[in-house]
Amino acid sequence: MAKRLQASERRASILAVAKVLFADKGYHGVSVDEIAVRLAVSPAVLYRHFSSKQDLYEAVLSEIACTRENYVDVVVRGPDDFGGMLARMTLMYVESVARDPDYLRMELHAALEGSQAARQFFENRWRPFADYIEFGLGELRKEGVATGIDARIAALMFQGMVREALYAKLVYQADRFRDHSLVDLVKHLIAMFLRAVKLG
Amino acid sequence: MANFDQELDARGLNCPLPILRAKKSIATLGGGQVLRILATDPGSVKDFEAFCKQTGNTLMSSGQNDGAFEFLIRKAG
């Protein structure tokens, strides 16, 4: 007989299974019945913990939000120069995503599925980089450094670069980059970015 | 309102910018002086608690004022 789980254990197991399925098939590709079958419980058990599929999906996103990167540590420990800070933030983010690649698959599905809330959620995860680059390059421009650079477009370039590296290593597992670890790849890209904005 | 020696307006900025700017502002203060920070990022409440814990500065108060979060931090030393 299957072991009867405590409510908190049951909730955690539902979230874990739902995350894998949402990551594989997207929000619209998964039904509550399918999640229940995977868990070997009836749909009624799921509805005791979550009022709807949307509620469950949002709870999965909240789980990711709870593991939000702690950039305070990045700021406190280490020099404040633009490139050093950006590198520390990026490596912290990349390592966090690498620990849970389902996040990336959910992000890809969310981009196509049109859920404004999910898209906003994932956009917010990238927001610290966009804001940091725009603000940081703006400050440097006032000091006569990195002049002639459109900070907003530079932020887009950076995000595209790092996101693509994450896809190459964690989603496609591209053979082309098998000789580079994810961290090495990202370090190379950060160095190229800093040269492109005249800081390297 | 409590007295402060310097003010930092970090409204509209998101993590980690309020923390980074606070770190730079505090570096210009003398020991015992107070920095007042205004921020709108909801994550800033937790962030400034962690910041003070890690830096040894004192978070004298943390609250909301006119739709913004307000923090008073006394520099250690």
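Which residue in β2(B) is the bridge partner of B:Asp9? Let me start with that small detail and work outwards from it, keeping in mind throughout that what we are looking at is a predicted model.

The partner of B:Asp9 is B:Leu38, in β2(B). That pair belongs to a longer ladder, since β1(B) and strand β2 of chain B, residues 34-39, are joined by 5 bridges and run parallel. Stepping back to the whole sheet in chain B, there are 4 strands, arranged in the order β1-β2-β4-β3, and the sheet is open, with mixed pairing. At its edges are β1, residues 6-10, and β3, residues 58-65, each of which pairs on one side only. From one strand to the next, the twist averages 15 degrees.

Now for the helices that go with this sheet. Helix α1 of chain B, residues 17-27, lies across β1, β2 and β4 of chain B, and its direction makes an angle of about 160 degrees with β1(B). Helix α2 of chain B, residues 44-55, lies across β2, β3 and β4 of that chain, and runs at about 170 degrees to β3(B).

As for confidence in this part, chain B has an average pLDDT of 93, with 99% of its residues scoring at least 70. For the complex, the predictor reports an ipTM of 0.84 and a pTM of 0.85.

Let me turn to where the two chains meet. Chain A contributes 13 residues to the contact and chain B contributes 14. On the side of chain A that touches chain B, the elements giving two or more residues are α5, residues 71-76, and α8. Sorted by class, that side of chain A consists of 9 nonpolar residues, 1 polar residue and 3 charged ones.

Since α8 has come up, how do the axes of α7 and α8 of chain A cross, and at roughly what angle? Helix α7, residues 102-113, and helix α8, residues 116-142, have axes that come within 8 Å and cross at roughly 135 degrees. The two helices, α7(A) and α8(A), are therefore oblique to each other, and the crossing in which α7(A) passes α8(A) is left-handed. The residues that meet are A:Glu107, A:Ala110 and A:Ala111 from α7(A), and A:Ala118, A:Arg119 and A:Phe122 from α8(A). By class, this contact of α7(A) with α8(A) comprises 4 nonpolar residues and 2 charged ones, with no polar residues.

Terms used:
Residues numbered from 1 in each chain as written. Chains lettered and ligands numbered in written order. Predicted model: local features only at pLDDT ≥ 70, side-chain atom pairs only at ≥ 80, totals over all residues. Axes fitted to C-alpha atoms, helices over the stretch in contact; angles between N-to-C directions. Parallel < 35°, antiparallel > 145°, perpendicular 65-115°, else oblique. Left-handed = near helix turned anticlockwise from the far one by under 90°. Contact = placed C-beta atoms within 7 Å. Nonpolar A, V, L, I, M, F, W, Y, C, P; charged D, E, K, R; others polar. pLDDT = per-residue confidence, 0-100. Pairing = 2+ DSSP bridges.
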